[in-house]
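Visitor: I am new to this structure and would love a guided close look at one part of it. Please pick a spot, stay with it for a while, and then show me how the surroundings fit in.

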Amino acid sequence: MGRLRILILGGTREARLLAEGLAALDDCDVLLSLAGRTEKPAAQPVPVRVGGFGGALALADFLKAGGYGLLIDATHPFAERISENAAIAAEAAHVAAIALRRPEWQRLPGDRWRKARSIPAALAALGQSPRHVFLATGRQGAHHAEAAPQHHYLIRSVDPVEPPLTLANVEYILDRGPFRMESECALLKQHHIDVIIAKNSGGSATYAKIEAARLLGIEVMMVARAPSSMVESVETVEAALAAIDHLFPPAMKRGV
């Protein structure tokens with residue numbers, strides 16, 4: 001069978017750590033694919049390609065043409081379309097697939113969460129009275145705020161929101177996690193935030209805002225994840241490596 005060729009659909013910290021773990025093995029070749037939505041992505045431990053594939057069937061063709069034996073979907077938990085395409089492509093190309101999905105955050109005592117099915121639903125639930133909103137969903141969903149222009153918005157993203165929003169009261173912060181609870185508390189106080197809109201992304205890099213909200217008694221509109229795809233799912237890098245080892249024992253990878 002020869003060396004196992006693995007395509008990782010990445011963009012998350014977990015994808016980078018998994019690529020690191022696989023790069024240390026001597027019986028597989030790894031390619032990490034990034035969507036290209038972040039202007040200056042972090043350095044990666046394996047070869048990288050940037051950009052989309054053009055849909056599920058084009059991804060299936062890429063897998064077949066490259067002789068890939070495994071597709072790993074380690075994209076952001078809210079990259080629903082990519083995950084759906086990955087599941088379809090793996091089936092069409094007859095390639096094994098695993099999804100690496102970090103666990104969701106769980107509500108703890110003191111949390112004031114209201115669940116929302118989407119960013120527009122969260123904005124609609126804010127009501128008509130002006131509020132000071134920390135829109136912590138990244139630039140992809142920021143434009144939804146234009147539907148509720150009565151509020152004051154603080155928007156944080158890795159890259160600038162382009163074009164800028166047509167809102168009277170909006171401030172932008174460019175920053176990349178991980179964030180610390182102390183600085184998040186200071187940020188929330190400084191901007192008089194009384195509600196946060198956040199996606200239930202899970203992980204530790206951006207959890208500090210949730211801890212800060214709990215400490216300060218601030219309401220959080222928590223946008224829920226869509227149901228996950230039909231691909232076998234694991235929650236940690238270690239579990240992903242174990243699943244790969246189970247699917248492709250070392251002797252099989254070497255073609256012994």
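**A close look, starting from H192**

Guide: Let us start at H192, which is exposed, with a relative accessible area of 58%. The cut-off for that word is over 50%, so H192 qualifies as exposed. Please keep in mind that everything here is a predicted model. The backbone at this spot deserves a look as well: phi of H192 is near 55 degrees, a positive value, and the residue is not a glycine. To find H192 on the screen, look in the loop between α5 and β10 (195–199).

Now follow the chain back to the other side of α5. The loop between β9 and α5 (181–190) holds P178. The peptide bond that joins G177 to P178 is cis, with omega about 10 degrees. Further back, in the loop between β8 (152–157) and β9 (170–174), you will find P163. Here too there is a cis peptide bond, running from E162 to P163, and its omega is near -10 degrees.

For a companion to H192, turn to H94. H94 sits in the loop between α3 and β5. Its phi is positive, about 55 degrees, although H94 is not a glycine. H94 is exposed too, with a relative accessible area of 75%.

The helix α3 that leads to this loop gives us a path inward, to α2. The buried residues of α2 pack against α3 (80–93), and also against β1 (4–9) and β4 (70–73). Which residues of α2 (residues 56–65) are buried? They are A56, L59, A60 and L63. Around the helix axis these cover an arc of only 105 degrees, which puts them on the same side of α2. On the face turned away from that buried side, L57 and A65 are exposed. Just past the end of α2 comes G67, with a positive phi of about 65 degrees.

Helix α1 (residues 13–23) makes a good next stop. Its buried residues are E14, A15, L18, A19 and L22. Seen down the axis, they fall within an arc of 135 degrees, so they line one face of α1. The cover over these residues includes β1, β2 (28–34), β4, β5 (96–100) and α7 (237–247). Notice that β5 is also the strand at the end of the loop with H94, and that β1 and β4 are among the partners of α2.

Finally, let us step back to the whole chain. It contains 8 helices and 12 strands. Its C-alpha trace spans about 65 × 35 × 30 Å along the principal axes. A compact globule of 256 residues would have a radius of gyration near 18 Å, and the 20 Å of this chain agrees with that. Buried residues account for 45% of the 256 residues. Of the contacts between residues at least 6 apart in sequence, 66% join residues at least 24 apart. The accessible surface comes to about 12900 Å², and carbon and sulfur atoms supply 54% of it. As for charge, the chain has 28 positive and 27 negative charges, and their mean positions lie 2 Å apart.

Terms used: Residues numbered from 1 in each chain as written. Predicted model: local features only at pLDDT ≥ 70, side-chain atom pairs only at ≥ 80, totals over all residues. Heavy atoms only, no water. Helix = DSSP H or I, 4+ residues; strand = E, 2+ residues; numbered from the N terminus. Rg over C-alpha atoms; globule rule 2.2 N^0.38 Å. Buried < 20%, exposed > 50% of the residue type's maximum accessible area, 1.4 Å probe, protein only. Contact = heavy atoms within 4.5 Å. Areas by Shrake-Rupley, 256 points an atom, 1.4 Å probe, with all protein chains shown as cover. Lys, Arg positive; Asp, Glu negative; His and termini not counted. Charge placed at Lys NZ, Arg CZ, Asp CG, Glu CD. Arc of directions from axis to C-beta.
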